[in-house]
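Please read the points below with the model open beside you. They are short and can be taken in order.

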Amino acid sequence: MLAELPPELIVHVQHATTLLRTAQRVCILTGAGVSAESGIPTFRDKQTGLWSQYRAEDLASPDAFTQNPQLVWSWYQWRRQLVQDKKPNPAHYALAQWQEYITLSQSAQQLTLITQNVDDLHEQAGSTVTHLHGHLGRNRCSQCDTPYIVPTLSAADQVNFSIDLLNCDQCGGYIRPDIVWFGESLPVNAWQTAEDAAANCDIFISIGTSSLVYPAAGLAHLAQKNGATLIEVNPNPTPNTIVNITLAAAAGVVMPALLQGIIDSCPTPKD
Ligand code: APR
């Protein structure tokens, strides 16, 4: 894997690997880019088809849902169908294998994985992960917050705008996705986990995020303020100017090479 990378990237991956081998505490924040190679458009990719006339930011808000719950709910039904058949890619598997390696080798390293994504590809790959922005597959009442189980849409289901809006069994309120919308607070426990991990890590790795949306984008600054080394995995430049090591390539290419470097240098896991 490493040898297949462009020479200028190999040097940076080796530098990152050298630091990661001895890091006691690693905090990783992923964004939509980690799922891009699984075929899920990133959050700021232009929307397609029926939704091309809308910006995601204009639909993912409490006001949009209040003004037109049918439109917002149908958008999420469309997004659910979009991810229905998507599978983890090598970046997801590398992160899950890293966590597994730490467990099997009884390494003292602590790895905390935080995601801004609402898909479940980290979980499908076997990772333990904390979601800052909620879960696309979960729903709750927009009035009383009671969780609501919606039958999973098959890829064949057509989103029928006239019947999709659902009502809460408890209070009759409209059902909404269990996702953090713009202007809403992040789940308290998830944010606490993320803050603690960022504030106490030796190395902070951001993977596939534009680092545009706070408070998640502030985690890198919190890590740096506490002396962490910052690594960024992104084929495109981001406004994150405090990064120490930039791995400017796709996560599905970089992460397996990074993991190979970490594991090859360490003793094999105890059976
Ligand atoms: N590997 C790594 N990074 C990639 C890849 C890839 N294969 N493909 C694209 N990227 C990068 C893009 O260059 C971009 O910087 O992923 C990033 C995706 O950025 P966004 O679409 O802004 O997604 P994200 O950073 O996750 O957005 C953060 O903003 O709108 C809110 O709640 C929403 O969780 C989302 C948050």
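1. Three residue pairs are in polar contact between domain 1 and domain 2, with both residues of each pair at pLDDT 80 or more. The model is a predicted one, and this count comes from its atoms. Salt bridges between domain 1 and domain 2 number zero.

2. On the side of domain 1 that touches domain 2, seven residues are nonpolar, five are polar and two are charged.

3. As for where the domains run, domain 1 is made of three stretches, 1-40, 87-133 and 186-271, while domain 2 is made of 42-85 and 134-179. Their C-alpha centres are 29 Å apart. Domain 1 puts 14 residues into the contact, and domain 2 puts in ten residues.

4. How much area is buried between domain 1 and domain 2? The value is about 920 Å², and carbon and sulfur atoms give 59% of it. Within domain 1, the residues that lose the most area to domain 2 are Ile40, Val118 and His133. Together these three make up 47% of what the domain 1 side buries.

5. Now the cysteines. A disulfide is a covalent bond between the sulfur atoms of two cysteines. How many disulfides does the structure hold? The count is zero.

6. Why does Cys141 form no such bond? The closest cysteine sulfur to that of Cys141 belongs to Cys171 and is 3.4 Å away, which is too far for a bond, because the cut-off for a disulfide is within 2.5 Å. Cys141 is buried, at 0% relative accessibility.

7. Cys168 gives a similar reading. Its sulfur has the sulfur of Cys144 as the closest cysteine sulfur, at 3.6 Å, and this too is too far for a bond. With 7% relative accessibility, Cys168 also counts as buried, since the limit for buried is under 20%.

Methods: Residues are numbered from 1 along each chain as its sequence is written. This is a predicted model: local features need pLDDT of at least 70, side-chain atom pairs count only at pLDDT 80 or more; totals for chains, interfaces and linings use all residues. Side-chain values use heavy atoms; hydrogens and water are left out. Buried means under 20% relative accessible area, exposed over 50%, partly exposed in between (1.4 Å probe, protein chains only). Domain bounds come from an automatic or database domain assignment. Contact means heavy atoms within 4.5 Å. Buried area is the accessible area (1.4 Å probe) that two parts lose on being put together, summed over both. A salt bridge is a side-chain nitrogen of Lys or Arg within 4 Å of a carboxyl oxygen of Asp or Glu. A polar contact is a pair of N or O atoms within 3.5 Å; within protein, one must be able to donate a hydrogen and the other to accept it, and residues adjacent in sequence count only if both atoms are side-chain atoms. Ala, Val, Leu, Ile, Met, Phe, Trp, Tyr, Cys and Pro count as nonpolar, Asp, Glu, Lys and Arg as charged, and the others, Gly among them, as polar.
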